[in-house]
Amino acid sequence: MPADGSLVALLKEHFGFDSFLPLQKEIIADSLAGRDVFALLPTGGGKSLCFQLPALTRPGLTVVISPLIALMKDQVDALRAAGIQAAFLNSSLDGREMQARGRALNAGEYRILYVAPERVMMPGFLDALRRWNVRLIAVDEAHCVSEWGHDFRPEYRQLASLREQVPQVPLMALTATATERVRSDIVRYLKLRDSACHVGSFNRPTLTYRVVPKQNPYSQVFEFVRARPNESGIIYCNSRRGAESLAERLSGDDVKARPYHAGLTPAERTRNQEAFVRDDVPVICATIAFGMGINKPNVRFVLHHDLPKSVENYYQETGRAGRDGLPGECLLLFSNSDAVKFLRFLDEITDPHERDVTRKKLDEMVWYAESPGCRRRELLAYFGEEFTKENCEACDNCLSPRKTFDGTALAKKFLGALLGIKQKGGFSVGAGHVAEVLLGSTNEKISRWRHDQLSEHGSGKERNRKQWAELGRELVRQGVLRRDEQRFNVLEVTDKGRAVLSGRGQVMLPEAVEATTKATRIRLECDETLFERLRALRKRLADERDVPAYVVFSDVALRQMAREYPSNGREFSRISGVGASKLREFAALFLREIAEHLRSNQKRQFEDRPVAEVFKPQKNRNGSQSRLGDSPAWTLRQFRAGRSPEEIAQERGFVLGTIMNHLALAAEAGEDIHLARFLSASQQAEIEAAFHVTGWQNIVGARERLAGRYGYELLRIYRAIRLAKRLTSDTPPPPAAQPAPTGIAGR
């Protein structure tokens, strides 16, 4: 297996990055060791790199099974732009091109091949795999194999035969969204053998989540979108007609928008999708037919015009915002009437099991939408992950906590009516019927069941039907009521509810949410005038090459250029995403654009820290942000308890490099780590001098300048701590007094 240094060198050369995202290196190491791998990383967490980088380290072919043609083309375009030989085989190719690519595959000219699951199972394809010296088969969007996933596809089940047909080839299954049940299905159905399982955090720290009442939805959508000119966004609708109508109205109000749904012809869908991906049209109004595999990193917002069918759908769809690491906004317009519409369709599902699954998923989605608690905590809890912070500082309920009031009297009135109904007829009902009783309704059911004779009949006219129904759902949330699992809408009073009725309990209710779509937008500060010039240049270059704009450079790279004003090739190479191929092809063009801008504009000064440090997830103990997972956090606790990295590695059964990587992640997350435990004062000065020459973004260059005397992870730790001190002081950090422990500096 290649050494860490050579992997990082490949990462920089082809992809332009100096370091790995969490779990990438561990996944790559297990893959290169020949193990089957299950990898669950959040959208934007770098799943593709986990199979792309290993493909560059060894001869042979990596086959990637992907469900969508659009994703294949985008991925291959990006790989070719990075100087990597890649191709796809799908129905978009004519016979001549298919034959040409087949000959190239037989000649071993490609490192990576993308195919659809249906093609893998076609007669003759498995025989071809044996000829092509396949070293890895990666199954992307692997959750499609499970009926409990949000996008089950029967053709994925057929991939189980891969294990028998090519047993010697390791498999890698990747997904961004999977509950424990779905993860188990993936391992079972794909027949992974003794697989290495890597589960990243589901937390998307750069996303802000908000839910507002749905009132005059078009005005809410228009207000939201108009406040974000030129920003890319997706608006999800539950019907084709809704997506079509919304796109038409927005276009009529001078907002460039296109529809995307299954009712369009394939040519129309492709045309509208490409217009969006290539930044010709900023807004796409889509059904759930749009999105999976759309590799557009600069989506700044995802707006749900209608209620998603499940929390998995919601998480996956919101995850299409902010994939470039810059902030994204997620807004859901919620009306319980959307849930009622879904419930009407349940009777059309003939399979009882499928009906129960669909009903449960919808109930969980409504629960999330109505929750007064932290949205992030609710989402992570759904996927079995704990969020320990009291305030995520990036959802509506944390940014503007809802006030509460004593609702005990209202709760008693609701509970009394529910019990009165049961005593009258011997059966329970749902919240809607209780509301009708409280409002004094005389509809057919009320009269037939003689519920108009109850003392509670007409006693609740101070609230409307919607408010009483919402109260019923809140009482379920608080455990005062429970919902009958067999009869979805039927409510029962719990012991806690009986205590409230008898005066031994209190019910605090959240106040109503304001129906505003306004939000505070956060962006990476830069020279906006220059950023727009660079965007225009990127668009022109992308159009000339017939690729999406992000294939040239991401928004992160452009904003970094518009912060740091690089003036030569060395400075340009420090920009995030600039590898050797892009340095050769684009440096002169972008440097000239920056120089022309500076002829008539002065440089602006910005906070002196690298782009990657600007946005961080949670708060650590020092008040700065932290993105540590459980394993690195455990290593950090052991290190702070006085144990050396070697001792921690031995105790945990890890190699030393993994422990050093954990400590590097901790340092980059703002955790306090004492350099004196690694480096003497003279060693720190030597490293400082190297970074002054190469620049703080170029760890590989600094390590080369230091002749490899210091390990890559150690240099990461030094850089993170040094830059953190630069944020609070203009003077260099004081040198450490203690000598470095033997052996660490050179690793």
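Let's start at Ser-371, which sits in the loop that links helix H16 (352-370) to helix H17 (375-382). In this predicted model, Ser-371 has a relative accessibility of 2% and therefore counts as buried, the cut-off being under 20%. Its contacts, once residues up to four places away in sequence are set aside, are Glu-378, Asn-397, Arg-402 and Arg-477. The last of these, Arg-477, belongs to helix H22 (residues 465-477), and that helix is a good place to go next.

Helix H22 meets helix H19 (residues 408-425), and the two axes come within 11 Å of each other. They cross at roughly 95°, so H19 and H22 are roughly perpendicular to each other, a label that covers angles from 65 to 115 degrees. On the H19 side, the contact is made by Leu-410, Ala-411, Lys-413 and Phe-414. H22 contributes Trp-468, Leu-471, Gly-472 and Leu-475. Sorted by class, the residues in this contact of H19 with H22 are six nonpolar, one polar and one charged.

H22 has another partner in helix H20 (residues 431-438), and here the axes come within 9 Å and cross at roughly 135°. That angle makes H20 oblique to H22. If you look at the handedness, the crossing of H20 and H22 is right-handed. From H20, the residues that make the contact are Ala-431, Gly-432, Ala-435, Glu-436 and Leu-438. From H22, they are Arg-465, Trp-468, Ala-469 and Gly-472. This contact of H20 with H22 divides into five nonpolar, two polar and two charged residues. As you rotate the view, keep an eye on Trp-468 and Gly-472 of H22: they take part in the contact with H19, and they also take part in the contact with H20.

Following the chain out of H20 brings you to Gly-440, in the loop between H20 and helix H21 (444-448). Gly-440 has a relative accessible area of 22% and is therefore partly exposed. In space, Gly-440 and Lys-461 are 7.6 Å apart from C-alpha to C-alpha, while in sequence they are 21 residues apart. Beyond its neighbours within four places in sequence, Gly-440 is in contact with His-457 and Gly-458.

Now turn to an earlier part of the chain and find Leu-264, in the loop between strand E10 (257-260) and helix H13 (266-277). Leu-264 is a buried loop residue, with a relative accessible area of 11%. Leaving out neighbours within four places in sequence, Leu-264 touches Glu-244, Pro-259, Arg-269 and Asn-272. Leu-264 is also paired in space with Arg-240: their C-alpha atoms are 9.0 Å apart, with their positions 24 residues apart in sequence.

Arg-240 is where helix H12 (240-252) begins, and H12 is one of the elements that the buried residues of helix H11 pack against. Those buried residues of H11 (residues 217-226) are Tyr-218, Gln-220, Val-221, Phe-222, Phe-224 and Val-225. Besides H12, they pack against strand E8 (207-213), strand E9 (232-236), strand E11 (283-286), strand E12 (299-304) and strand E13 (328-334).

For anyone who likes to check backbone torsions, two asparagines are worth a look. Asn-216 is found in the loop between E8 and H11, and its phi is near 50°, a positive value in a residue other than glycine. With a relative accessible area of 51%, Asn-216 is exposed. Asn-133 lies in the loop between helix H7 (125-131) and strand E5 (134-139). Its phi, near 55°, is likewise positive in a residue that is not glycine. Asn-133 counts as partly exposed, at 41% relative accessibility.

Finally, step back to the whole chain. The protein has 34 helices and 19 strands, and 56% of its 747 residues count as buried. Among contacts with a separation of 6 or more, residues 24 or more positions apart account for 73%. As for the surface, the protein exposes about 32300 Å², with carbon and sulfur atoms supplying 49% of it.

Notes:
Residues numbered from 1 in each chain as written. Predicted model: local features only at pLDDT ≥ 70, side-chain atom pairs only at ≥ 80, totals over all residues. Heavy atoms only, no water. Axes fitted to C-alpha atoms, helices over the stretch in contact; angles between N-to-C directions. Helix = DSSP H or I, 4+ residues; strand = E, 2+ residues; numbered from the N terminus. Parallel < 35°, antiparallel > 145°, perpendicular 65-115°, else oblique. Contact = heavy atoms within 4.5 Å. Nonpolar A, V, L, I, M, F, W, Y, C, P; charged D, E, K, R; others polar. Left-handed = near helix turned anticlockwise from the far one by under 90°. Buried < 20%, exposed > 50% of the residue type's maximum accessible area, 1.4 Å probe, protein only. Areas by Shrake-Rupley, 256 points an atom, 1.4 Å probe, with all protein chains shown as cover.
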